[in-house]
Amino acid sequence: MSGTIGWGLVGASNIARQFVINAIRQNGGEPRVVMSTDAARGAAFAKENGIAESTTDLTALLATPGVDAVYISTTNELHRDQAIAAARAGKHILCEKPLALTLADAHAAVDAAKAAGVVFATNHHLRNAGAHRAMRQAILDGRIGRPLAARVFHAVYLPPSLQGWRINAPEAGGGVILDIAVHDADTLRFVLGDEPESVVAMTQSSGMASVGLADAVMTTVTFRSGLIAQTHDAFTSKYAGTGFEVHGTEGSLIARDVMTQQPIGSLVLRNEAGEQAIDFDRTDLYVRALGAFHAAMRGEGQPAATGEDGIRSLAFGLAVAEAAKTGGTVKVETGL
């Protein structure tokens with residue numbers, strides 16, 4: 001594929017506005033049309049972001065001349081059908097997590113892309129962070145010995161502009177598990193090169209979320225290698241800060257302020273020699289992700305996070321929800 005890669009934005013979302021549009025343009029692409037079910041919102045979004053067209057209809061978006069790929073950032077229950085329609089129209093797909101609300105639906109979306117011969121990627125941005133890539137490399141280089149345990153601190157405060165369906169719409173897949181815990185799963189998998197096998201969990205509804213949705217969750221996870229991990233996710237922690245630690249037989253990697261959309265934070269290696277800062281690149285996470293996606297469209301490698309990665313993170317999220325509900329240990333079943 002040569003020339004400018006044209007994009008259709010399925011959803012006039014905040015994440016598209018804040019991160020994805022710029023990343024598309026930084027990688028030689030151009031958003032050509034945006035879809036919103038609210039015509040006025042879509043038209044305003046298009047004008048504010050220099051996009052030529054807006055529509056309320058997915059079929060019209062997919063038929064727009066020059067659209068090669070779509071970015072799906074609608075509410076979670078819509079992802080499957082929109083992804084399948086895009087695949088059947090021959091469009092490459094970057095889809096927000098979770099890919100769907102059930103594993104069967106996530107598999108259906110990914111399978112449709114395979115059948116159509118188009119690229120399917122999951123927008124797991126955190127594996128594109130320089131800090132996490134440096135942690136992964138340090139582990140591969142043996143700098144902490146054999147990894148034994150990990151801890152993820154991902155309790156943040158959900159700003160009013162993002163609350164909406166995330167805290168009041170269970171039918172749309174709201175709640176902290178499918179919004180944040182799935183990112184933890186993908187980041188742990190990427191950094192550790194390991195797969196979660198089972199999980200126990202406890203959720204909290206502390207007043208932000210309504211209609212029985214959880215606004216915080218803690219998990220303990222057992223991985224294939226025997227490593228154990230803890231995660232803490234929340235919409236309600238204004239001042240907690242985020243972090244990621246991996247502890248091994250010969251050292252520990254300790255990262256702070258890295259569970260974020262911004263290329264910030266710090267990383268140190270702590271071992272018998274003391275504490276050593278590890279530098280890492282500060283490339284924009286979404287610019288890196290869109291660069292890999294465009295390369296995959298040209299037949300050069302894979303996107304940063306594939307459809308299969310999205311299936312695996314959803315499987316983790318569903319296992320967390322079941323474990324919190326039952327109080328038991330639940331296996332992470334992916335169907336892959």
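This is a chat about two sheets and two buried charged residues in a predicted model.

Me: Let's begin with the six-strand sheet. What order do the strands come in?
Reply: The order is 3-2-1-4-5-6, in an open sheet with parallel pairing.

Me: And which strands are at the edges?
Reply: Strand 3 (53-55) and strand 6 (120-122), and each of them pairs on one side only. Going across this sheet, the twist averages 25° from one strand to the next.

Me: Does anything pack on it, I mean, which helix?
Reply: Helix 1, residues 14-26, packs on the sheet and touches strand 1, strand 2 and strand 4. The direction of helix 1 makes about 145° with that of strand 2.

Me: Ok, strand 1. How many of its residues are buried?
Reply: Six of the six residues in strand 1 (residues 5-10) are buried, so to speak a mostly covered strand.

Me: Which way do they point?
Reply: I5, W7 and L9 point one way, while G6, G8 and V10 point the other way. That fits a general pattern: side chains in a regular strand alternate between the two faces of the sheet.

Me: How does strand 1 pair with strand 2?
Reply: They pair in the parallel sense over six bridges, with strand 2 covering residues 29-35. If you want to find the pairing in the structure, W7 stands opposite P31, and G6 stands opposite E30.

Me: How many residues of strand 2 are buried?
Reply: Five of its seven, and strand 2 also counts as mostly covered.

Me: What about strands 4 and 5?
Reply: Strand 4 (residues 69-72) and strand 5 are parallel partners too, joined by four bridges. A69 in strand 4 stands opposite H92 in strand 5.

Me: Now K91. Where is it?
Reply: K91 is in the loop between helix 4 (79-88) and strand 5 (92-95).

Me: It's buried, right next to that strand. Why no salt bridge?
Reply: The nearest side chain of opposite charge is D68, and that is 6.2 Å away. A salt bridge needs the charged atoms within 4 Å, so D68 does not qualify.

Me: What does the K91 side chain reach, then?
Reply: It reaches the backbone oxygen of V67, at 2.8 Å. Leaving out residues up to four places away in sequence, K91 touches L62, V67, D68, A69, V70, A86 and V118.

Me: There's another buried charge, D194. Where does that one sit?
Reply: D194 is in the loop between helix 8 (176-192) and strand 8. D194 has no salt bridge either, and R224, the nearest side chain of opposite charge, is 5.4 Å away.

Me: What does its side chain contact?
Reply: The D194 side chain makes a polar contact with the side chain of S225, at 2.4 Å. The residues D194 touches include R189, F223 and L227, not counting those up to four places away in sequence.

Me: Last topic, the nine-strand sheet. What's the order there?
Reply: This open sheet runs 14-13-12-11-7-10-9-8-15, with mixed pairing. Strand 14 (274-277) and strand 15 (330-331) each have a single partner strand, so one side of each has no neighbour in the sheet.

Me: Which helix packs on this one?
Reply: Helix 10 (residues 307-326), touching strand 8 (196-204), strand 9 (216-223) and strand 15. The direction of helix 10 makes about 55° with that of strand 8.

Me: And do strands 13 and 14 run parallel or antiparallel?
Reply: Antiparallel, with four bridges joining strand 13 (residues 266-271) to strand 14. One spot to look at is L269, whose bridge partner in strand 14 is Q276.

Notes:
Residues numbered from 1 in each chain as written. Predicted model: local features only at pLDDT ≥ 70, side-chain atom pairs only at ≥ 80, totals over all residues. Heavy atoms only, no water. Helix = DSSP H or I, 4+ residues; strand = E, 2+ residues; numbered from the N terminus. Buried < 20%, exposed > 50% of the residue type's maximum accessible area, 1.4 Å probe, protein only. Lys, Arg positive; Asp, Glu negative; His and termini not counted. Polar contact = N/O pair within 3.5 Å; in protein donor to acceptor, adjacent residues only side chain to side chain. Contact = heavy atoms within 4.5 Å. Pairing = 2+ DSSP bridges. Axes fitted to C-alpha atoms, helices over the stretch in contact; angles between N-to-C directions.
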